[in-house]
Amino acid sequence: MAEASGVSRATVSFVLNDDPRQTISAATQDRVKQAARDLGYVPHGVARALREGSSRVVVLNIDAGMEGKYSRSYVQGLDAELAAHDHVLLVRHGLHTPQSTQQVLDAIAPRAVIRFGETYLTGRELDDLGGGWRDGLAAHSALQLRHLVDHGHTRIALALPDTESPLAAARMKFTGHAAQNLDIPVPDSFVTPRERSACAEAVGAFLAQAPEVTAIAGFNDDVALRVLRAAGDLGRRVPDDLAVIGFDDNGYGAFTTPALTTVNVDAEAHGRLSARLALGLATGGLRPPPAQVVVRQSV
């Protein structure tokens, strides 16, 4: 590359490493960079990591049961913001043990490791009061419940998935807090199996034990759609006999009969915030947009 650009190897090194201690003319820098492009030069990530103390990779761990529309838009925002600052995102799904995480740390020396959901759950890093009562899960759980209350429902239940989720306990806690703030009874919860007949049986058994319940808040849209189908199988009219609302707007609710009312959360800004925090950059002026109820026909 030195021969192609007509400069010394030291000058090539200074230009490609963007060494601030050297004063090299703009014309020489342009000549070196053009030679690098012509020769297909790609910076050596390991060498740069040794020089900078870490690579330009940020690792995101997403636990099993956390995938959904929120996670997809979060990753989109995180990836875009990191790319804007010359960093690369590596996403790890599933079970993350301390040993496997250490293997990643040893192999690539990432700039940062982010555990998906921490900011959303705690709210602390969003200058919140904790629990995400402004832009996080607590606020959005309250929004879901408030929509039902605004439509006259005071006896509400929370439908949960039949698989373990790190968010289940938090959703029950935040829904309970929201109910107290709205001055309604704390909702009971029940599990909705994936299999159709088993789900109808579970929904029917719960409603038989709690006939006062007039509305069901789904843990997410998948769960709410199960409840919607079960209500039809049980001969209950939605929303006349039973209101149903989803969460995280996966898009499928628009195609059901009746169409599913749900809560839409745009998580791209959450991802961008996490990127800036991981890189130690200012976050001022970047706020997530408020979540919105997507009003359809099931409430």
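Two strands count as paired if DSSP finds at least two bridges between them. Keep that rule in mind for the second stop. The model on screen is a predicted one.

**The whole chain**

Show everything as a cartoon. The protein has 299 residues, and 47% of them count as buried. You should be able to pick out 12 helices and nine strands. Now switch on the surface. The accessible surface comes to about 15300 Å², and 51% of this belongs to carbon and sulfur atoms. Among contacts with a separation of 6 or more, 72% are between residues 24 or more positions apart.

**A pair of strands and a helix**

Select residues 57-62, strand E1, and residues 88-93, strand E2. How many bridges join E1 to E2? There are six, and the two strands run parallel. To see one of the bridges, click Asn-61, then find its partner Arg-92 in E2.

Add residues 69-84, which are helix H5. Together E1, H5 and E2 make a right-handed β-α-β unit.

Next select Asp-86, in the loop between H5 and E2. The phi of Asp-86 is near 60°, a positive value in a residue other than glycine. For comparison, most residues other than glycine have a negative phi. Is Asp-86 buried, exposed or partly exposed? With a relative accessible area of 44%, Asp-86 is partly exposed.

**Aromatic rings**

Show the side chains of Phe and Tyr. The protein has four aromatic pairs. One of them is Tyr-70 with Phe-116, a tilted pair with ring centres 5.8 Å apart and 55° between the planes. Tyr-70 lies in helix H5, while Phe-116 is in the loop between strand E3 (112-115) and helix H7 (118-122), so the pair ties together parts that are 46 residues apart in sequence.

Are these two rings in buried or exposed residues? Tyr-70 has a relative accessible area of 7%, and is therefore buried. Phe-116 has 5% relative accessibility, so Phe-116 counts as buried too. Add Tyr-74 to the selection: Tyr-70, Tyr-74 and Phe-116 form one aromatic cluster.

Move on to Phe-190 and Phe-206. Their ring centres are 4.4 Å apart and their planes are at 20°; planes under 30 degrees apart count as stacked, so this pair is stacked. Phe-190 sits in strand E5 (residues 188-192) and Phe-206 in helix H10 (residues 196-209), so the pair links distant parts of the chain, 16 residues apart. Both residues are buried.

**A charge over a ring**

Select Arg-171 and Phe-247. Arg-171 lies over the face of Phe-247, at 4.2 Å from the ring centre.

**Loops with less common backbone**

Most peptide bonds are trans. Two cis ones are worth finding here. The bond from Val-238 to Pro-239 is cis, with omega near 10°. Pro-239 is in the loop between helix H11 (221-233) and strand E7 (243-245). The bond from Thr-257 to Pro-258 is cis as well, with omega near -5°.

Pro-258 belongs to the loop between E7 and strand E8 (262-264). Stay in the loop between E7 and E8 and select Asp-248. What is the phi of Asp-248? The value is positive, about 90°, although Asp-248 is not a glycine. At 13% relative accessibility, Asp-248 counts as buried, whereas Asp-86 is partly exposed.

Note on methods
Residues are numbered from 1 along each chain as its sequence is written. This is a predicted model: local features need pLDDT of at least 70, side-chain atom pairs count only at pLDDT 80 or more; totals for chains, interfaces and linings use all residues. Side-chain values use heavy atoms; hydrogens and water are left out. Helices (H or I, at least four residues) and strands (E, at least two) are DSSP runs, numbered from the N terminus. A crossover is right-handed if, with the strands pointing away from the viewer, the path from the first strand over the helix to the second runs clockwise. Buried means under 20% relative accessible area, exposed over 50%, partly exposed in between (1.4 Å probe, protein chains only). Contact means heavy atoms within 4.5 Å. Accessible areas come from the Shrake-Rupley method with a 1.4 Å probe; for residues, only the protein chains shown count as cover. Rings of Phe, Tyr and Trp (its six-membered ring) pair if their centres lie within 6.5 Å; planes under 30 degrees apart count as stacked, over 60 as edge-to-face and the rest as tilted. A charge sits over a ring if NZ of Lys or CZ of Arg is within 6 Å of the ring centre and within 35 degrees of the ring normal.
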